[in-house]
Amino acid sequence: MRVIIARNYDEMSKWAANYVASRILEFNPTAEKPFVLGCPTGSSPLGLYRQLIKLYEAGKISFRNVVTFNMDEYVNLPEEHPESYHSFMWTNFFSHIDIRKENVHILNGNAKDLKVECENYEKAIEAAGGIDLFMGGIGPDGHIAFNEPGSSLSSRTRVKTLTTNTIQANCRFFDNDVTKVPKQALTVGVGTVMAAREVLIVCNGPQKSRALHHIIDDGVNHMWTASALQMHEHGIIVCDEEACVDLKLSTYQYFMDKQTLEGALPQYIDKF
Ligand code: GLP
């Protein structure tokens, strides 16, 4: 796995967004051969989305031939609820770019049959040719999408019950009231994310440092589901300094030396 340590949140976001934009440009997508992008929600990727919007506004990139699949959605929360992941994606990203509505895929947490909804989602990903690049964030307990601790590392899209930890972490979006946070979600599996041709995770802030330590310093473990990234052929974690405070000093220095020697930070921060 590649680990890129940016100095702060803005640099992390810029690096990640410019990397994604470069990948799309290199791919040169067409209507017949679109680029398939996996999308996360959460506060971590907000800066990444802002930078992608800037690149679009500056005419550097188009999303016309990009197909998206979102990671997850709450169960039984109306789509138009301001905290639904549908609302999040349109408010923070899709409404600001030239993506075609029919190219956007987000799980329907209000579907009559949730199991069928999940099975169809996997089929739709397959029909689109698989995901070229899955972007993601991680929860404070190291979860990816809503794959809570103990999730199978080969899991596919399904219903998950959220842990108390996640409900507490997300109650900031629901008037700090845990009773208002949905208790279940539909989520792509760890296996779904790992099947993408490339995975790029953003991770920032001290509240993620313990998770980052387990994901990078330790071995693959179902209690820190994002650690499955160690098994991916093209996995990248872009983090900020604050998220690194619990990393082993030797790990931190190893990745720092490597990125300095390779000039990896300016390569994408200064790209556009
Ligand atoms: C939720 C989402 C995850 C996200 C996590 C962290 O649990 N399902 O995809 O990574 O929150 O969110 P934040 O970036 O706000 O810390």
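Biologist: Which elements each supply at least two residues of the lining of the largest cavity?

Modeller: In this predicted model, strand E1 (2-6) and helix H8 (249-262) each supply at least two residues of that lining. H8 gives the most, with 4 residues. The lining as a whole is made up of Arg2, Val3, Ile4, Phe255, Lys258, Gln259, Glu262 and Ala264, and by class it has 4 nonpolar, 1 polar and 3 charged residues.

Biologist: What makes the space of about 50 Å³ a cavity?

Modeller: The space of about 50 Å³ is the largest cavity, and it is called a cavity because a 1.4 Å probe fits there but cannot get out. The structure holds 1 cavity of 30 Å³ or more.

Biologist: Why is the space of about 570 Å³ called a pocket?

Modeller: The largest pocket holds about 570 Å³ of space, and that space is called a pocket because it is an open set with protein on both sides. Of the 33 residues that line the largest pocket, Thr41, Gly42, Ser43, Asn170 and Arg172 are the closest to its centre. Strand E4 (72-74), helix H3 (85-92) and helix H5 (164-170) are the elements that give two or more residues to this lining, which by class has 16 nonpolar, 13 polar and 4 charged residues.

Biologist: What makes 2 residues in the lining of the second largest pocket charged?

Modeller: The second largest pocket, with about 150 Å³ of space, is lined by Glu79, His86, Trp90, Lys101, Val104 and Ile106. Asp, Glu, Lys and Arg count as charged, so Glu79 and Lys101 are the 2 charged residues. Trp, Val and Ile count as nonpolar, so Trp90, Val104 and Ile106 are the 3 nonpolar ones, and His86 is therefore the 1 polar residue.

Biologist: How do you know that E2 and E6 pair?

Modeller: Two strands pair if there are at least two bridges between them, and strand E2 (residues 35-39) and E6 have 2 bridges in the parallel sense, so they pair. In E6, leucine 133 is the bridge partner of leucine 37. E6 also pairs in the parallel sense with strand E9 (residues 199-203), over 3 bridges, where isoleucine 201 is the bridge partner of glycine 136.

Biologist: What makes E1 an edge strand?

Modeller: The open sheet of 7 strands has the order E1-E10-E9-E6-E2-E3-E5, with parallel pairing, and its edge strands, E1 and strand E5 (104-105), each pair on one side only. For E1, 5 bridges join it to strand E10 (residues 235-240), with alanine 6 opposite aspartate 240.

Biologist: Why are both faces of strand E6 called covered?

Modeller: Leu133 and Met135 on one side of strand E6 (residues 133-136), and Phe134 and Gly136 on the other, are all buried, which means that each has under 20% relative accessible area. In a regular strand the side chains alternate between the two faces of the sheet.

Biologist: How do you know that serine 43 makes a polar contact with the ligand?

Modeller: An N or O atom in the side chain of serine 43 is 2.6 Å from an oxygen atom of the ligand, and the cut-off is within 3.5 Å, so this pair is a polar contact. A backbone N or O atom of isoleucine 138 lies 3.4 Å from a ligand oxygen atom, so that pair also meets the cut-off of 3.5 Å. A polar backbone atom of alanine 145 is 3.2 Å from a nitrogen atom of the ligand. Altogether 14 residues surround the ligand, the closest being Ser43, Ser44, Asp72, His143 and Lys208.

Key
Residues numbered from 1 in each chain as written. Predicted model: local features only at pLDDT ≥ 70, side-chain atom pairs only at ≥ 80, totals over all residues. Heavy atoms only, no water. 1 Å grid on protein atoms, 1.4 Å probe; cavity = no way out; pocket = protein on both sides within 12 Å on 5 of 7 lines; lining within 4 Å. Points joined across faces, edges and corners; volume = space filled by probe spheres on them. Buried < 20%, exposed > 50% of the residue type's maximum accessible area, 1.4 Å probe, protein only. Near = heavy atom within 4 Å. Polar contact = N/O pair within 3.5 Å; in protein donor to acceptor, adjacent residues only side chain to side chain.
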